[in-house]
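This report covers aromatic pairing, core packing, one polar residue and one sheet. The sequence and coordinates follow.

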Amino acid sequence: VITLIENYTYFFTKNVDLLGSRFVCENNVTILGTSSENAKITSTGLGIGVPLITSVYTLVVRHVTFMDVDTCLALDGAGNTMALDWTGVNFENIPNVGFIQNFNNFIFNKGALLNSGGLI
């Protein structure tokens, strides 16, 4: 598990393979990329049904592509104030994008599901 620390911004300037690790996000984490075309995040070896990103808090994501994992998201803001502000976020080759639930607001602008499905 890679814990993304509260109130930090993580900036991806190239494609990254987490090699079986996954992100657990604390409050007010921001994940930024230079472009969804050249800032792609995957995790080779991540187990079936294990989400790449887990959070119960506010999460900002911009200009990245999540790709080639079985499950991408497990976002449940129950009991917390969860705001999601996402721009230019793609999901590529992900059979089970995952779930987003119990959020206060979700802004999704200019994203794509590319050979992906299963968003709940």
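Eight aromatic pairs occur in this structure, which is a predicted model. A cluster connected by ring pairs takes in Phe66, Trp86, Phe91, Phe103, Phe106 and Phe108.

The largest nonpolar core has 28 residues, and the members that touch the most others are Leu59, Phe66 and Trp86. The strands below each contribute at least two residues to this core.

| Strand | Residues |
|---|---|
| Strand 4 | 23–25 |
| Strand 5 | 29–33 |
| Strand 7 | 51–55 |
| Strand 8 | 59–67 |
| Strand 9 | 71–76 |
| Strand 10 | 83–92 |
| Strand 11 | 96–101 |

In soluble globular proteins, nonpolar side chains tend to be buried together. Not counting residues up to four places away in sequence, Leu59 touches Cys25, Val29, Ile31, Ile53, Leu75, Ala83, Leu84, Asp85 and Trp86.

Asn90 belongs to strand 10. Asn90 counts as buried because its relative accessibility is 9%, and the cut-off for buried is under 20%. A polar atom of the Asn90 side chain lies 3.1 Å from the backbone nitrogen of Ala112. With neighbours within four places in sequence left aside, the contacts of Asn90 are Ser36, Val64, Thr65, Phe66, Gly111, Ala112 and Leu114.

Five strands form an open sheet in the order 1-4-7-9-11, paired in parallel. Strand 1 (2–4) and strand 11 are at the edges with a single partner strand each, so each has one side without a neighbour in the sheet. From one strand to the next, the twist averages 15°. Within the sheet, three bridges join strand 4 and strand 7 in the parallel sense; Cys25 has Ser55 of strand 7 as its bridge partner.

Technical notes: Residues are numbered from 1 along each chain as its sequence is written. This is a predicted model: local features need pLDDT of at least 70, side-chain atom pairs count only at pLDDT 80 or more; totals for chains, interfaces and linings use all residues. Side-chain values use heavy atoms; hydrogens and water are left out. Rings of Phe, Tyr and Trp (its six-membered ring) pair if their centres lie within 6.5 Å; planes under 30 degrees apart count as stacked, over 60 as edge-to-face and the rest as tilted. A nonpolar core is a set of buried Ala, Val, Leu, Ile, Met, Phe, Trp, Tyr and Cys residues joined through side-chain atoms within 4.5 Å. Buried means under 20% relative accessible area, exposed over 50%, partly exposed in between (1.4 Å probe, protein chains only). Helices (H or I, at least four residues) and strands (E, at least two) are DSSP runs, numbered from the N terminus. Contact means heavy atoms within 4.5 Å. A polar contact is a pair of N or O atoms within 3.5 Å; within protein, one must be able to donate a hydrogen and the other to accept it, and residues adjacent in sequence count only if both atoms are side-chain atoms. Two strands pair if DSSP finds at least two bridges between them. Axes are lines fitted to C-alpha atoms, for helices over the stretch in contact, and angles run from 0 to 180 degrees between N-to-C directions.
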